[in-house]
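Welcome! Have a look at the sequence and the model, then work through the exercises below at your own pace.

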Amino acid sequence: MSQFDRTLEYIDQLQHAGTAAAVCEKLLGITSDFGLTALMAGTVPQPGTPAGQQKQHVLLCDWPVEWLERYVARNYVDHDPVVSHMKQLQAPFQWREAAQGISFDKSSGEVMGDAGAFKLRDGLAFPLITLDGQIVMVSLGGEAVQLSAAEFGLVSLVSTYAVGRAMQIHTMAAKTIDHIELTPRERECLQWAAVGKSEWEISQILGISEHTSEKHLLNAKSKLGAVNRVQAVAEAIRRGYIS
Amino acid sequence: MLFCLTTQELMERPDLWEAVHRLRYQIFVEEMGWEDLRRPDGFEVDQFDHDEAVHQIVIRGNEVAGYQRMLPTTRPHLLTEVLADLSEGTPPSGPNIWELTRYAVAPGFRDGRRGVSTVGTELIAGFVEWGLKRGVDKVIIEFEPMWVLRALQLHFLATPLGYQRTYGNQQVVATLLSFNEHTLDVVRSRRNHHAPVLARGYPDMFGQRRAS
């Protein structure tokens, strides 16, 4: 089997992974042959994002736990030369290039030195950009990294598909939580509210009591997370529940 | 609105032909630096602007805001002639597979700094709608690797046709994207716009106002 056929097979397996953890495991299974044993992919937090929120940016992670803790606690993301290199939207590169390419401030040296202590001596990293313009950073590292130019191509291609799969899983999960179940009555009341009918008028149209129509609208309002009727109607239209 | 014109139809509208080929020049020669295409007249035209090419044009107001060109894979196209080293082995071809080339959004219509603009997503919705209508369910695209991620976000089924290569300062990877009605739904909901984008006929003459 040629290397490219193998690459296609890896990508196919990644696209069938059902959870972020499965994507992670599959990808590292492929890259560990080249000494890349740790993986981190996520959107870039704005400089100064509180440590507590930094972890929400993670899409895929199999990284030494203590290293991650230290990275977040010491706010290394703002000083990491690999991150600054990536923010210039460079093509895939090896960590050592990032370390060579920039003049170190004291903190940058500390980040790289510290990474080495966690058996992350070298790796490769590259940025991707989502539909809405968010930068996703992908970084793979290990203690003894051995990559030929062709393998470098394989790893970056396969990782791109892994991140794509992770994002699909991420959106699917968000959607299940995001899905709101409106009853037919709630929908009807909103539909009439959208054309300007009062609660009393809606009750007359639907043949229910004014109290009941008020109740339906209140329920719909809270399900949609709206603060008032206008926002509830707007939100219901935006989500396509009414037209 | 997105208009689909054959090369013949495009040539029958000189104002539109000029706007399209000038935009292509501006983006691919001046902005991206594809020097092979440089010409003194400032129009970008190549051997693939043949009678089977389909030109898809997004019009905003009275301007060409976006453009892409579809080429049948049943005859020579970019991946077989110009970018052959992007493909490992023989690239797929057939009446249901077209090649998408010259994807371009005019500078004034790129909303965000890095994201895909509404003109950009209209081009995407446009080729999917166009394809589904005429039995095309796959396109070959040579694009920057970050587009792989975006294609997956839009629920295209993506398969690489080769490894990425560097041309000038650009990374390019040839990819086969398959799509169906579900893809169209996802593209439309990402755009928050569910109406079809394909328009019939010609856009208005440039420099003229609609009569009605």
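Two strands pair if DSSP finds at least two bridges between them; strands (E, at least two residues) and helices (H or I, at least four) are DSSP runs, numbered from the N terminus. This is a predicted model, in which local features need pLDDT of at least 70 and side-chain atom pairs count only at pLDDT 80 or more, while totals for chains, interfaces and linings use all residues. Residues are numbered from 1 along each chain as its sequence is written, and chains are lettered from A and ligands numbered from 1 in the order in which they are written.

**Exercise 1. Trace the open sheet of chain A and find its edges.**

Step 1. Follow the order 2-1-5-4-3: these 5 strands of chain A form an open sheet with antiparallel pairing.
Step 2. Look at the ends. Strand 2 (58-62) and strand 3 (93-94) of chain A each have a single partner strand, so one side of each has no neighbour in the sheet.
Step 3. Now take one pair: strand 4 (residues 122-129) and strand 5 (residues 135-142) of chain A are joined antiparallel over 8 bridges. Within strand 5 of chain A, Val138(A) is the residue opposite Phe126(A).
Step 4. Add the helix that packs on the sheet. Helix 2 (residues 20-31) of chain A touches strand 1 (38-43), strand 2 and strand 5 of chain A; contact here requires C-beta atoms, placed from the backbone, within 7 Å.

**Exercise 2. Describe how helix 9 and helix 10 of chain A cross.**

Step 1. Two packed helices are described by the angle between their axes and the distance between the axes.
Step 2. For helix 9 (residues 184-194) and helix 10 (residues 199-206) of chain A, the axes come within 10 Å and cross at roughly 125°. Axes are lines fitted to C-alpha atoms, for helices over the stretch in contact, and angles run from 0 to 180 degrees between N-to-C directions.
Step 3. That angle makes helix 9 of chain A oblique to helix 10 of chain A; under 35 degrees counts as roughly parallel, over 145 as roughly antiparallel, 65 to 115 as roughly perpendicular, and the rest as oblique.
Step 4. Name the residues: Glu188(A), Cys189(A), Trp192(A) and Ala193(A) in helix 9 of chain A meet Ile202(A), Ile205(A) and Leu206(A) in helix 10 of chain A.

**Exercise 3. Find what chain B brings to its contact with chain A.**

Step 1. Count both sides: chain B gives 20 residues and chain A gives 21 residues.
Step 2. Locate the main contributor: helix 5 of chain B gives the most to this side, with 6 residues.

Terms used: Contact = placed C-beta atoms within 7 Å.
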